[in-house]
Amino acid sequence: MKTVDARGLSCPEPVLLSKQAAQEGEFPFCVLVDDITPFENIQRFAANNGYTIDAKDKGNNEYEIIFTK
């Protein structure tokens with residue numbers, strides 16, 4: 001599974017990287033972030049664009065979003 005490591009990046013970069021990965025069509029893929037703001041923004045992006053996701057707060061400012069089509 002492809003992993004997009006967006007830890008340490010500020011918005012809108014994590015959302016843009018998620019969008020790029022989705023457009024490449026390699027599902028499923030995982031996005032890693034380390035801040036609540038991009039975590040929420042990526043979830044909003046997925047919902048607004050019809051993607052199914054599994055979003056997990058892994059603790060210690062680690063978040064994982066798995067995109068499926």
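This is a short guided tour of the structure, one selection at a time. The model is predicted, and residues are numbered from 1 along the chain.

**Stop 1: two helices side by side**

Start by selecting helix 1, residues 13-24, and then add helix 2, residues 36-48. The two helices pack at an angle of about 35°, and their axes are 9 Å apart. Turn the view until one helix lies in front of the other: the crossing of helix 1 past helix 2 is right-handed. Now show side chains at the place of contact. From helix 1, pick Pro14, Val15, Ser18 and Lys19; from helix 2, pick Pro38, Asn41, Ile42 and Phe45.

**Stop 2: Ser18**

Stay with one residue of that contact, Ser18, which belongs to helix 1. Is Ser18 buried or exposed? Its relative accessibility is 0%, so Ser18 counts as buried. What does Ser18 touch, once residues up to four places away in sequence are set aside? Select Phe29, Val31, Ile42, Phe45 and Phe67 to see these partners gathered around Ser18.

**Stop 3: the largest nonpolar core**

Several of those partners lead on to the next selection. The largest nonpolar core contains 15 residues, and the ones with the most contacts inside it are Phe29, Val31, Val33, Ile42, Ile65 and Phe67. Colour these six and look at where the core comes from: helix 1, strand 2 (29-33), helix 2 and strand 4 (62-68) each contribute at least two residues. Which element gives the most to this core? Helix 2 does, with four residues. There is a broader pattern to keep in mind here: in soluble globular proteins, nonpolar side chains tend to be buried together.

Click on Val31 for a view from inside the core. Apart from neighbours within four places in sequence, Val31 is in contact with Val4, Ser18, Ile42, Tyr63, Glu64, Ile65 and Phe67. So you meet Ser18 again, this time from the side of Val31.

**Stop 4: aromatic rings**

Next, show the aromatic side chains. How many aromatic pairs does a search of the whole structure find? The search finds seven. Zoom in on Phe29 and Phe67, whose rings are stacked, with 4.6 Å from centre to centre and 10° between the planes. This pair links distant parts of the chain, since Phe29 sits in strand 2 and Phe67 in strand 4, 38 residues apart. Both Phe29 and Phe67 are buried.

Then move to Phe45 and Tyr51. Their ring centres are 5.9 Å apart and their planes stand at 35°, so this pair is tilted. Phe45 has a relative accessible area of 12%, which means it is buried. To see a wider group, select Phe27, Phe29, Phe45, Tyr51 and Phe67 together, for these five form one aromatic cluster.

**Stop 5: two cysteines**

Select Cys11 and Cys30. How many disulfides does the structure hold? It holds zero. The sulfur of Cys30 is 16 Å from the closest cysteine sulfur, that of Cys11, which is too far for a bond. The two residues also have their own surroundings to inspect: Cys11 counts as partly exposed, at 33% relative accessibility, while Cys30 counts as buried, at 6%.

**Stop 6: two cis peptide bonds**

Keep Cys11 on screen and add Pro12. The peptide bond from Cys11 to Pro12 is cis, with omega near 15°. Pro12 lies in the loop between strand 1 (2-5) and helix 1. Now follow the chain through helix 1 to the loop that joins it to strand 2, where you will find Pro28. The peptide bond from Phe27 to Pro28 is also cis, with omega near -5°.

**Stop 7: two asparagines in a loop**

Finish at the loop between strand 3 (52-59) and strand 4, and select Asn60 there. Although Asn60 is not a glycine, it has a positive phi of about 55°. Asn61 has its place in the loop between strand 3 and strand 4 as well. Asn61 is not a glycine either, and its phi is positive, at about 60°. Switch on the surface to compare them: Asn60 is exposed, with a relative accessible area of 77%, and Asn61 is partly exposed, with 48%.

Technical notes
Predicted model: local features only at pLDDT ≥ 70, side-chain atom pairs only at ≥ 80, totals over all residues. Heavy atoms only, no water. Buried < 20%, exposed > 50% of the residue type's maximum accessible area, 1.4 Å probe, protein only. Contact = heavy atoms within 4.5 Å. Core = buried A, V, L, I, M, F, W, Y, C linked by side-chain atoms within 4.5 Å. Phe/Tyr/Trp six-rings, centres within 6.5 Å; stacked < 30°, edge-to-face > 60°. Disulfide = S-S within 2.5 Å. Axes fitted to C-alpha atoms, helices over the stretch in contact; angles between N-to-C directions. Left-handed = near helix turned anticlockwise from the far one by under 90°.
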